[in-house]
Amino acid sequence: MNAFFKRAAGPLAAAVLLAGCAGFAPDGGFGPVADTTRDRLGKDAIWARSDADRNALRDRTRELLAKPLDADAAIQVALLNNAGLQAQYADLGIAEADYVQATRLPNPGFSFSRKTSGDELKIDRAVTIGFMNLLALPFAARIEESRFAQTRLAVADATLRRAEAARRAWVQAVAAEQAARYAEQVRRAAETGALFARDLARAGNVSALDHAREQAFYADAAAQLARARERALSAREQLTRELGLWGGDIAYTLPDRLPDLPKARPAMQDLEGYAVSQRLDLQAGRLQLDSLSRSLGLTRATRFISVLDVSYIHNSETSRPRETGYGIDIEVPLFDWGGARVARAEAVYMQAAARLAEQAINARSLVRETYAGYQARYDIALHYRDEVVPLRKRIVDESLLRYNGMLISVFELLTDAREQVNAVNGYLDAQRDFWLADSDLRGTLGGRLPAAPSVATSATPPAAPSQRQ
């Protein structure tokens with residue numbers, strides 16, 4: 001018996017030394033997530049795990065909300081205040097607990113029985129240890145450690161995606177409010193034109209057709225204003241959800257307009273390789289594949305014998321010497337040779353490998369598509385800003401000169417002004433679409449652009465035709 005336990009002590013000690021006993025990190029594994037967020041976004045990510053943390057986040061949030069929210073401030077509020085993101089951070093605690101548990105030695109089993117027969121008393125005692133569990137301990141610990149690292153990457157990726165969702169919601173909300181204000185200007189101008197046409201019609205100086213046209217334009221402008229206000233409300237509520245705000249905090253203010261276009265169309269090189277190296281979901285997929293590879297190796301190693309328990313026996317009986325010894329419980333692979341478990345592990349591994357390859361291919365394609373859209377939307381917005389809107393403004397100016405010279409009627413002037421309204425609306429939409437494309441490109445590249453474009457914010461917005469009328 002002693003020789004047996006001496007022989008078993010070597011593998012047991014090796015298993016304990018290889019596995020170690022991991023403890024819980026003070027930050028719960030959140031450090032790499034915070035570092036990635038700071039490096040790629042220049043923002044702070046905090047996992048609130050106490051009332052003090054939550055109070056600090058609330059104070060920081062209200063400090064940011066005290067002034068108009070630009071895109072960077074909106075992203076920071078979302079990272080600090082979004083409850084859904086805090087729920088995803090809890091995945092780190094779950095994964096860390098699984099990893100720490102995997103490094104713990106399995107508890108021994110103890111059995112006790114007391115039997116009597118007349119004056120005879122028999123007591124059986126046994127202490128049992130799962131020997132196979134001890135041998136597999138280092139491998140299981142490495143597997144869980146890899147899964148913990150994979151979870152850190154997945155949570156960091158979720159943080160970056162939440163930031164881009166907040167950026168998109170901010171763009172939509174600011175653009176919608178800007179469009180609503182412009183629609184209000186158009187409605188007021190249309191109302192002025194309709195009242196003017198009514199007065200002329202009463203004096204008999206305008207046809208019923210021209211009068212009806214101005215009334216129809218005013219009615220359409222009023223309907224467009226109602227739609228614009230509804231879109232602005234919906235976009236603002238979407239942003240509020242991304243920011244995780246409620247109560248008095250929803251009274252935040254936004255800038256009056258979107259940032260101007262970059263001075264030149266940003267040119268970026270080798271975006272496919274950059275995306276593959278930067279995207280955290282691909283890095284998490286690689287770690288998952290490595291973890292599955294280790295798990296497959298463990299399954300193959302234990303395919304024949306997966307249960308091996310060693311026990312120490314100490315029995316006593318009245319008027320008889322004590323009985324001591326050891327026992328071994330082993331699962332005999334008579335019917336199940338472990339082939340099904342190995343086949344399943346191999347299939348899971350091959351499935352993960354194929355999905356990772358698909359993910360990488362799709363990422364490359366998405367980068368090409370998103371960058372092409374980014375360039376096209378920049379060109380469209382630039383065309384509206386530098387060509388369409390100035391030309392429509394020039395037409396209105398020339399029409400005004402001819403109206404002052406009594407060469408055209410007021411209704412021809414109003415018709416040209418309406419075309420300018422369409423041009424300005426087209427520019428506002430194009431400007432919004434560009435910044436949405438900018439956000440999409442950041443997301444496909446892993447949270448940041450390889451060379452961030454410079455953004456100017458001093459240009460004057462296009463003049464509203466209502467001011468000309």
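These legends go with close-up views of a predicted model.

**View 1. Helices α3 and α4, packed side by side.** Let's start with two neighbours: α3 covers residues 51-65, and α4 covers residues 71-81. Their axes sit 10 Å apart, and the angle between them is about 160 degrees. Since an angle over 145 degrees counts as roughly antiparallel, that makes α3 roughly antiparallel to α4. If you're wondering about handedness, the crossing of these two helices is left-handed.

**View 2. Who touches whom between α3 and α4.** Now look at the side of α3 that meets its partner: Leu57, Arg60, Thr61, Leu64 and Leu65 are the residues to find there. Over on α4, they meet Ala73, Gln76, Val77, Leu80 and Asn81. Sort this contact by class and you get six nonpolar residues, three polar ones and one charged one.

**View 3. Helices α4 and α5, crossing at a slant.** Here α4 turns up again, this time with α5, which is made of residues 83-103. The two axes come within 6 Å and cross at roughly 50 degrees. That makes α4 oblique to α5. On the α4 side, the contact uses Ala78, Leu79, Leu80 and Asn81. The α5 side brings in Ala83, Leu85, Gln86 and Tyr89. How many charged residues take part in the contact of α4 with α5? There are no charged ones, just six nonpolar and two polar residues.

**View 4. The largest pocket.** Time to move from helix pairs to an open space. The volume of the largest pocket is about 610 Å³, and 31 residues line it. To find the middle, look for Ala179, Ala228, Arg231, Asn425 and Asp429, which lie nearest the pocket's centre. Three elements give two or more residues each to this lining: α6, α7 (208-243) and α11 (410-444). Which of them gives the most? That's α6, with 11 residues. As for chemistry, the pocket lining has 15 nonpolar residues, eight polar and eight charged.

**View 5. The largest cavity.** The structure holds two cavities of 30 Å³ or more, and this view shows the largest, with about 80 Å³ of space. Among the residues around it are Asp157, Leu160, Arg161 and Glu164. The lining also includes Arg279, Leu280 and Asp281, and the glycines Gly443, Gly446 and Gly447 belong to it too. At least two lining residues come from each of α6 (131-202) and α9 (280-301). With four residues, α6 has the largest share. Count the cavity lining by class and it splits into five charged, three polar and two nonpolar residues.

Notes:
Residues are numbered from 1 along each chain as its sequence is written. This is a predicted model: local features need pLDDT of at least 70, side-chain atom pairs count only at pLDDT 80 or more; totals for chains, interfaces and linings use all residues. Side-chain values use heavy atoms; hydrogens and water are left out. On a 1 Å grid over the protein atoms alone, a cavity is a set of points where a 1.4 Å probe fits but cannot get out, and a pocket is an open set with protein on both sides within 12 Å along at least five of seven lines; lining residues have an atom within 4 Å of a point. Grid points are joined across faces, edges and corners, and a volume is the space filled by probe spheres set on the points. Ala, Val, Leu, Ile, Met, Phe, Trp, Tyr, Cys and Pro count as nonpolar, Asp, Glu, Lys and Arg as charged, and the others, Gly among them, as polar. Axes are lines fitted to C-alpha atoms, for helices over the stretch in contact, and angles run from 0 to 180 degrees between N-to-C directions. Angles under 35 degrees count as roughly parallel, over 145 as roughly antiparallel, 65 to 115 as roughly perpendicular and the rest as oblique. A crossing is left-handed if the near helix is turned anticlockwise from the far one by less than a right angle, and right-handed if clockwise. Contact means heavy atoms within 4.5 Å.
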